[in-house]
Amino acid sequence: ITSSFLMLLVDPRLIFDIGFQLSFAATAGLLLLKPVMENTWLWFQNIGKIAIVGDSFTTTLVAQAATLPIVLSNFGTVSIVSIVVNTLILWVVQPIMVLGIVAAVVSIVAPLAAVAIIATLPLLTFFEKVVMIFDKPMFLLSAQLPFLASIGYYCLLIGAYFALRKRM
């Protein structure tokens, strides 16, 4: 969060960049809301302990809750299955990135790099198939959120954060 403020000091126009807004909101949600929810709500904590998908679910839920007004205000649509989709695919992102880094590091030895790249294929295929299955208009909800409603949403979210934090 501190780095976001430093970035804004260097270039204040970033505040209007949707990518910056989404990154800031998601990161703030993960750093602030997720720990509070895990320490306050037993069901949230228990879901997070489920092998592989549990943490993906809680991470996705918090990040999407934190970014929902920005998404609706700027794009006017949200996927009604995005939490399910992200829960299914989030766990493959880290191994794909690690294998990609390994491939880059050992790229001077082409056969080693090829092994790392080939190892990503099943993960990338899984990722693509899940996304393609749910990439249908019937899973989209259209709703334009006015700016004042977004402000109200974030006021409620901040209020919930402080209320939950008191209970810790």
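Helices here are DSSP runs of H or I at least four residues long, strands are runs of E with at least two, and both are numbered from the N terminus. By that count, the protein has seven helices and two strands. Walk along the sequence and the pattern reads α-α-α-α-β-α-α-β-α.

A few ground rules: this is a predicted model, where local features need pLDDT of at least 70 and side-chain atom pairs count only at pLDDT 80 or more, while totals for chains, interfaces and linings use all residues. Residues are numbered from 1 along each chain as its sequence is written, and side-chain values use heavy atoms, with hydrogens and water left out.

**How confident is the prediction?**

The score to look at is pLDDT, the predictor's confidence in each residue, from 0 to 100. The protein averages 88, and 90% of the residues score at least 70. Among the elements, α6 has the highest mean pLDDT (94), while helix α3 (residues 42–48) sits at the bottom with 63. Where pLDDT is low, the predicted coordinates should not be read in detail.

**The overall build**

Taken along the principal axes, the C-alpha atoms fill a box of roughly 55 × 40 × 40 Å. Of the 168 residues, 27% are buried (buried means under 20% relative accessible area, exposed over 50%, and partly exposed in between, using a 1.4 Å probe and protein chains only). Contacts, meaning heavy atoms within 4.5 Å, often link distant parts of the sequence: among those with a separation of 6 or more, 69% join residues 24 or more positions apart.

**Two pockets**

Rolling a probe the size of a water molecule over the atoms shows where empty space is left. The search uses a 1 Å grid over the protein atoms alone; a pocket is an open set of points with protein on both sides within 12 Å along at least five of seven lines, a cavity is a set where a 1.4 Å probe fits but cannot get out, and lining residues have an atom within 4 Å of a point. Grid points are joined across faces, edges and corners, and a volume is the space filled by probe spheres set on the points.

The largest pocket has a volume of about 740 Å³. Its lining takes in 24 residues, with Phe24, Ala25, Ile70, Tyr154 and Ile158 nearest the centre. Two or more of the lining residues come from each of α1 (2–10), α2 (18–40), α4 (53–75) and α7 (147–167).

What kinds of residue line this largest pocket? There are 19 nonpolar, five polar and no charged ones (Ala, Val, Leu, Ile, Met, Phe, Trp, Tyr, Cys and Pro count as nonpolar, Asp, Glu, Lys and Arg as charged, and the others, Gly among them, as polar).

The second largest pocket holds about 200 Å³ of space. It has 13 lining residues, and Ser79, Ser82, Val85, Val131 and Phe134 lie nearest its centre. Helices α5 (82–105) and α6 (110–134) each supply at least two of the lining residues, with α5 giving the largest share, four. By class, this lining has seven nonpolar, four polar and two charged residues.

**Aromatic company**

Rings of Phe, Tyr and Trp (its six-membered ring) pair if their centres lie within 6.5 Å; planes under 30 degrees apart count as stacked, over 60 as edge-to-face and the rest as tilted. The structure holds six such pairs, including these two:

| Pair | Type | Centre to centre | Angle between planes |
|---|---|---|---|
| Phe134 and Phe139 | tilted | 5.6 Å | 50° |
| Tyr153 and Tyr154 | edge-to-face | 5.7 Å | 85° |

Phe134 counts as partly exposed at 23% relative accessibility, whereas Phe139 is buried at 17%. Tyr153 is partly exposed at 25%, and Tyr154 is partly exposed at 23%. Elsewhere, Phe5, Phe20 and Phe24 form one aromatic cluster.

**Three buried residues**

Ala63 belongs to helix α4 and counts as buried because its relative accessible area is 17%. Leaving out residues up to four places away in sequence, Ala63 touches Ala26 and Leu30. Ala63 and Gly29 are 34 residues apart in sequence, yet 5.7 Å apart in space, C-alpha to C-alpha.

Thr60 is in helix α4 too. Is Thr60 buried or exposed? At 5% relative accessibility, Thr60 is buried. Beyond its neighbours within four places, Thr60 is in contact with Ser82, Ile83, Asn86, Thr87 and Leu90.

Ser150, in helix α7, is buried with a relative accessible area of 8%. Not counting residues up to four places away, Ser150 touches Pro69, Ser73 and Leu145.
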